[in-house]
Amino acid sequence: MSSFWGNNIHISIFGQSHSEAIGVVIDGLPSGLRINTEELQTFMLRRAPGRSSMTTARTETDEVEFVSGLVGDKTCGAPLCAMIRNTNIRREDYSGLSDLPRPGHADFTAQMKYHGYQDISGGGHFSGRLTAPLCAAGGICLQLLALNNIYVGAHIERIADVADRRFDPVNVSLSDFGGILKLPLAVIDKASGEAMAERINEARNAGDSVGGVIECAVIGLPAGIGDPMFDGMENRIASVVFGIPAVKGIEFGNGFVCAALRGSENNDPFITDGDTVRTKTNNHGGILGGITSGMPLIFRTAIKPTPSIAITQQTVSLKEMTEKELNIHGRHDPCIIPRAVPCIEAAAALAVCDAWLAGNHY
């Protein structure tokens, strides 16, 4: 399985949803970096399950244990290994799934590729639980970026048919990020968050699920980070974001809207205050030619409805090659969006850190 990523920061994610532990090995962090473990744990708990009526009932503390790479609280240059123990496992919920692939899951494709040797319990290595070590790595990168006055924040832009206000693409600020964290759901507009919660509960009561969109912004980035062609900022961010299960799409700046605009409408005029060059608008989302422009970097990610639902679904018995009805048991989120917000922030932080370190800033 390919769970290795990065050019300058390398991460290797290991474990399965119901194995003894999951974790990440990180290479390339600058030595002497102080890791604030309390701040990291606060970040991890934003993703952790079982902390709201809108999430799965599986409860995990997601406490990060550092196995190597630290002396005291500072990185020593050796590979940093962060481990998270799985403590709330119910393998019996998945005992019948080796023959009956769940619609919308990777059960069927994994069977075709790994010929039955894959771990099906809890989704194995395909599980959203593997975003916990991603968040551990990303949370460390968030701290590294903050030392350079670069900040990452995200909010729920949409759940089902309910939309939040979007970030101001020109003037999004650190105070905007702080305001989002004060609400039960990570939104800008409180009323939108309350309506989203209703949609999630409606889906849960119907045994169904809903998806949505997460908007992310990176502020404080100077112009000139990234490369053209295959190491552009869009490439780097997308490659990590698509490592998050359930992600189905991504757009930067005004995204697909630009296809219906004329150049005169889509282009962002350059302006200056005498010291810096900025753009009057930010349809380009802070990236031109794969390189940061100095404007806020903005992107949005589409996430599908949770495929594990309580409604009876149709599948096929792989042994009998006959169609069957499937009823999924276990503990599942009726909407993964609220817990995916820090995962998107972590993915963005990793990609930005990887590009930042390419500039020899350390």
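Helix H8 (residues 337-358) lies across three strands, namely E8, E10 (212-219) and E16 (297-303). The helix runs at about 145° to E8. Axes here are lines fitted to C-alpha atoms, for helices over the stretch in contact, and angles run from 0 to 180 degrees between N-to-C directions. Contact means heavy atoms within 4.5 Å. Helices (H or I, at least four residues) and strands (E, at least two) are DSSP runs, numbered from the N terminus. The model is predicted, with local features requiring pLDDT of at least 70 and side-chain atom pairs pLDDT 80 or more, while totals for chains, interfaces and linings use all residues. Residues are numbered from 1 along each chain as its sequence is written, and side-chain values use heavy atoms, without hydrogens or water.

The strands under H8 belong to an open sheet. Its five strands follow the order E9-E8-E10-E16-E11, with antiparallel pairing. Strands E9 (162-163) and E11 (247-252) stand at the edges with a single partner strand each, so one side of each lacks a neighbour in the sheet. Pairing requires at least two bridges found by DSSP between two strands. E8 (residues 151-159) and E9 are joined by two bridges. Arginine 158 has alanine 163 in E9 as its bridge partner.

Strand E3 (residues 21-27) pairs with two strands. Six antiparallel bridges join E3 to E2 (residues 10-15), and histidine 10 stands opposite aspartate 27. E2 and E3 form a hairpin, with five residues between them. E3 also pairs with E7 (residues 80-85), antiparallel, over six bridges. There, valine 24 is matched with alanine 82. Five of the seven residues of E3 are buried (under 20% relative accessible area; exposed is over 50%, partly exposed in between; 1.4 Å probe, protein chains only).

A nonpolar core is a set of buried Ala, Val, Leu, Ile, Met, Phe, Trp, Tyr and Cys residues joined through side-chain atoms within 4.5 Å. The largest has 85 residues, and Ile9, Ile11, Ile26, Phe299 and Leu350 have the most contacts inside it. H8 supplies its largest share, 16 residues. Beyond its neighbours within four places in sequence, leucine 350 contacts residues including Trp5, Ile9, Ile11 and Val240. Another core, of five residues, lies apart and includes Tyr94 and Leu326.

Histidine 284 is found in the loop between E13 (277-279) and E14 (287-288). It counts as buried because its relative accessibility is 12%. Its side chain makes a polar contact with that of aspartate 268 (2.6 Å). Such a contact is a pair of N or O atoms within 3.5 Å; within protein, one must be able to donate a hydrogen and the other to accept it, and residues adjacent in sequence count only if both atoms are side-chain atoms.
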